[in-house]
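Biologist: Could you take me through one part of this model in some detail? I'd like to follow a single sheet and whatever packs around it.

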Amino acid sequence: MERQRAPVLGKGGQVVGVVSEADLLLKPQGSDTAHDATAEQLMTRPAVTVTKDATIPTAARLMARRHLKRLPVVDGDGRLVGVVSRGDLLKVFLRPDEDIGAEIRELIMYQLLPQVPAEAHVHAHGPVEVHVHVANGIAYLTGSLPDPAMEDIVVRAAGTVPGVVDVKADFTAPVSA
């Protein structure tokens with residue numbers, strides 16, 4: 001059963017609990033009626049939260065396991081900085097493949113390999129030619145890198161681009177234009 005939840009904050013802005021729809025239906029102990037209830041009496045604790053630097057898959061797994069529609073996002077001190085919803089998490093996977101591919105190309109050629117002139121595709125350690133194709137969120141990388149040790153870095157970096165669901169790389173296969 002999925003539950004709507006609202007974070008309850010302490011005096012310092014820390015998330016101390018959450019109140020769900022189900023909590024609102026329960027009569028709290030020590031209260032004659034639900035009208036007399038406080039958030040503190042109704043809330044579930046400890047609150048299920050995610051830190052602001054958590055990855056999208058981490059937040060999604062937590063929400064799926066706990067059957068949550070919304071998840072409070074906290075900073076390092078446990079203070080509320082936002083709320084992420086399932087819809088928010090899904091938006092990233094709705095990016096057009098062309099946009100994802102363009103961002104990966106930009107990342108690889110201008111941030112990871114900025115010393116490589118794009119028109120020359122040659123580096124002191126060997127030729128550089130990286131082709132990016134994205135289909136259904138899967139990034140396919142082919143070509144050659146100046147150093148084989150860079151393959152892992154390039155693959156990991158491509159995987160951080162919003163909308164990428166998987167990365168498949170083969171830097172040993174012949175490149176087709």
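Biologist: To start, how many bridges join E3 to strand E4, and in which sense do the two run?

Modeller: Two bridges join E3 to E4, and the strands run parallel. Keep in mind that this is a predicted model. E4 covers residues 70–74, and Thr 51 sits opposite Val 74 of that strand.

Now the sheet as a whole. Three strands make it up, in the order E3-E4-E5, and the sheet is open with mixed pairing. E3 (50–51) and E5 (80–85) are the edge strands; each has a single partner strand, so one side of each is left without a neighbour in the sheet. Helix H3, residues 56–66, packs on this sheet and touches E3, E4 and E5. The direction of H3 makes about 135° with that of E4.

Next, two residues to click on. Ser 85 belongs to strand E5. Ser 85 is buried, at a relative accessible area of 18%; the cut-off for buried is under 20%, so Ser 85 makes it into that class. Leaving out residues up to four places away in sequence, Ser 85 touches Met 63, Lys 69 and Arg 70.

Then try Leu 89, which is in helix H4 (residues 86–91). Leu 89 is buried too, with a relative accessible area of 10%. With residues up to four places away in sequence again left out, Leu 89 has contacts to Ile 56, Ala 59, Ala 60, Met 63 and Val 84. Take the pair with Ile 56: the two are 33 residues apart along the chain, yet their C-alpha atoms are separated by 6.5 Å. Met 63 is worth a second look, as it is touched by Leu 89 and also by Ser 85.

Ile 56 turns up once more at the largest pocket, whose volume is about 230 Å³. The pocket is lined by 13 residues, and those nearest its centre are Ile 56, Pro 57, Gly 159, Val 161 and Val 164. If you sort that lining by class, you get eight nonpolar residues, four polar and one charged.

For some context further along the chain, have a look at strands E8 and E9. E8 (residues 129–135) pairs with E9 in the antiparallel sense over seven bridges, and Val 130 stands opposite Gly 143 of E9. The two strands form a hairpin with two residues between them, and Asn 136 in the turn has a positive phi of about 55°. On to E10 (residues 166–170): E9 pairs with E10 in the parallel sense, over five bridges. Thr 142 has Asp 170 of E10 as its bridge partner.

The side chains of E9 are nice to colour by burial. In a regular strand, side chains alternate between the two faces of the sheet. Along E9 (residues 138–144), Ala 139, Leu 141 and Gly 143 point to one face and are buried. Ile 138, Tyr 140, Thr 142 and Ser 144 point to the other face and are not buried.

Finally, zoom out. The protein has six helices and ten strands, and buried residues make up 32% of its 177 residues. Of the contacts between residues at least 6 apart in sequence, 49% join residues at least 24 apart. The Leu 89 and Ile 56 pair, touching at 33 residues apart along the chain, is one you can pick out on screen.

Note on methods:
Residues are numbered from 1 along each chain as its sequence is written. This is a predicted model: local features need pLDDT of at least 70, side-chain atom pairs count only at pLDDT 80 or more; totals for chains, interfaces and linings use all residues. Side-chain values use heavy atoms; hydrogens and water are left out. Two strands pair if DSSP finds at least two bridges between them. Helices (H or I, at least four residues) and strands (E, at least two) are DSSP runs, numbered from the N terminus. Contact means heavy atoms within 4.5 Å. Axes are lines fitted to C-alpha atoms, for helices over the stretch in contact, and angles run from 0 to 180 degrees between N-to-C directions. On a 1 Å grid over the protein atoms alone, a cavity is a set of points where a 1.4 Å probe fits but cannot get out, and a pocket is an open set with protein on both sides within 12 Å along at least five of seven lines; lining residues have an atom within 4 Å of a point. Grid points are joined across faces, edges and corners, and a volume is the space filled by probe spheres set on the points. Ala, Val, Leu, Ile, Met, Phe, Trp, Tyr, Cys and Pro count as nonpolar, Asp, Glu, Lys and Arg as charged, and the others, Gly among them, as polar. Buried means under 20% relative accessible area, exposed over 50%, partly exposed in between (1.4 Å probe, protein chains only).
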